[in-house]
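Please open the structure in your viewer and keep the sequence panel visible beside it. The tour proceeds by selections, each followed by a description of what is found there.

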Amino acid sequence: MLFLARLLFGKIIVETPKYEVIKSTSNYEIRKYLPAVVAQVKYSPSQFNGDKDGGFKLLANYIGVFGNPLNKAPQKIAMTIPVITKSSEKIQMTTPVVTKSSGGEGDDKEIVMQFILPSKYTKAEEAPEPVDERVVIGEESERKYGVVKFGGTATEKVVEEKVGMLKECLEKDGVKVVGEYLLARFNPTWTLARFKTNEVMIPVE
């Protein structure tokens, strides 16, 4: 009950990605993130009745969130936060994931959703092999982002405003944007809105 209460009130009690703050202003931070191992799944929302976060269950099953882990060890893997969604379009998100879209048209663009695995995994081959062939293990290299943090529910409208504001600030300060934004959410969907933590992250040079 205490564990659930902490989540309800937005308490962060699991591992988060490690990074170094390179620059901090009143509007944003520039961060350098360490390399990471990820589990990812590629799909179209139509495969999950239009649900753009439909890949979440596949990844959650891989690490054993809902029961026995669907990997060949078999081995439970701790979940980390935030959930990160990479996208060139407006995509709603859920907890610990990375999602990015590419190709396609309209609401059925291809999405890549990722879970960042615990830092004890430093190479892709160290992570347990998935049972479901749709889940793929990969690596993220060192990367830099311009980041703005905000509370509440990360609706499409709010995210769009934060992305626009962050891009404007980065451009004003001469920071070169080199990719599409990411949305990082640190809490389950049922955490009380006023206690939620979110971040918009934009890759920079």
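In this predicted model, buried residues account for 47% of the 205 residues in the chain. Display the accessible surface: the total for the chain is about 10800 Å², and carbon and sulfur atoms contribute 51% of it.

Next, switch to a cartoon view. The chain contains 3 helices and 10 strands. Followed from the N terminus, the elements come in the order α-β-β-β-α-β-β-β-β-β-α-β-β. Consider also how contacts relate to the sequence: among those between residues at least 6 apart in sequence, 63% join residues at least 24 apart.

**Helix 2**

Select residues 56-63, which form helix 2. Is this helix mostly covered or mostly uncovered? Helix 2 is mostly covered, with 7 of its 8 residues buried. Show the side chains of Phe56, Leu58, Leu59, Ala60, Asn61, Tyr62 and Ile63, which are the buried residues of this helix. To see what they pack against, add strand 3 (36-43), strand 6 and strand 7 (135-140) to the selection. Then move to glycine 64, just after helix 2, where the phi angle is positive, at about 90 degrees.

**The cavity**

Turn now to the enclosed space. How many cavities of 30 Å³ or more are there? The count is 1. The largest cavity holds about 80 Å³ of space. Its lining consists of 13 residues; select Ile84, Ile116, Arg143, Tyr145 and Leu182, the ones closest to its centre. Colour strand 4 (83-86), strand 6 (110-116) and strand 8 (143-151) as well, since these are the elements that give two or more residues to the lining. By residue type, the lining of the largest cavity comprises 9 nonpolar, 1 polar and 3 charged residues. Strand 6 thus appears at two stops of the tour: the buried residues of helix 2 pack against it, and it also contributes to the lining of the largest cavity.

**The second largest pocket**

For the last stop, select Leu34, Pro35, Ala36, Val37 and Ser119. These residues lie nearest the centre of the second largest pocket, which is lined by 21 residues. The volume of this pocket is about 290 Å³. Which elements each supply at least two residues of its lining? They are strand 3 and strand 7, both of which were selected earlier as packing partners of the buried residues of helix 2. The lining of the second largest pocket divides into 10 nonpolar, 5 polar and 6 charged residues.

Technical notes. Residues numbered from 1 in each chain as written. Predicted model: local features only at pLDDT ≥ 70, side-chain atom pairs only at ≥ 80, totals over all residues. Heavy atoms only, no water. 1 Å grid on protein atoms, 1.4 Å probe; cavity = no way out; pocket = protein on both sides within 12 Å on 5 of 7 lines; lining within 4 Å. Points joined across faces, edges and corners; volume = space filled by probe spheres on them. Helix = DSSP H or I, 4+ residues; strand = E, 2+ residues; numbered from the N terminus. Nonpolar A, V, L, I, M, F, W, Y, C, P; charged D, E, K, R; others polar. Buried < 20%, exposed > 50% of the residue type's maximum accessible area, 1.4 Å probe, protein only. Contact = heavy atoms within 4.5 Å. Areas by Shrake-Rupley, 256 points an atom, 1.4 Å probe, with all protein chains shown as cover.
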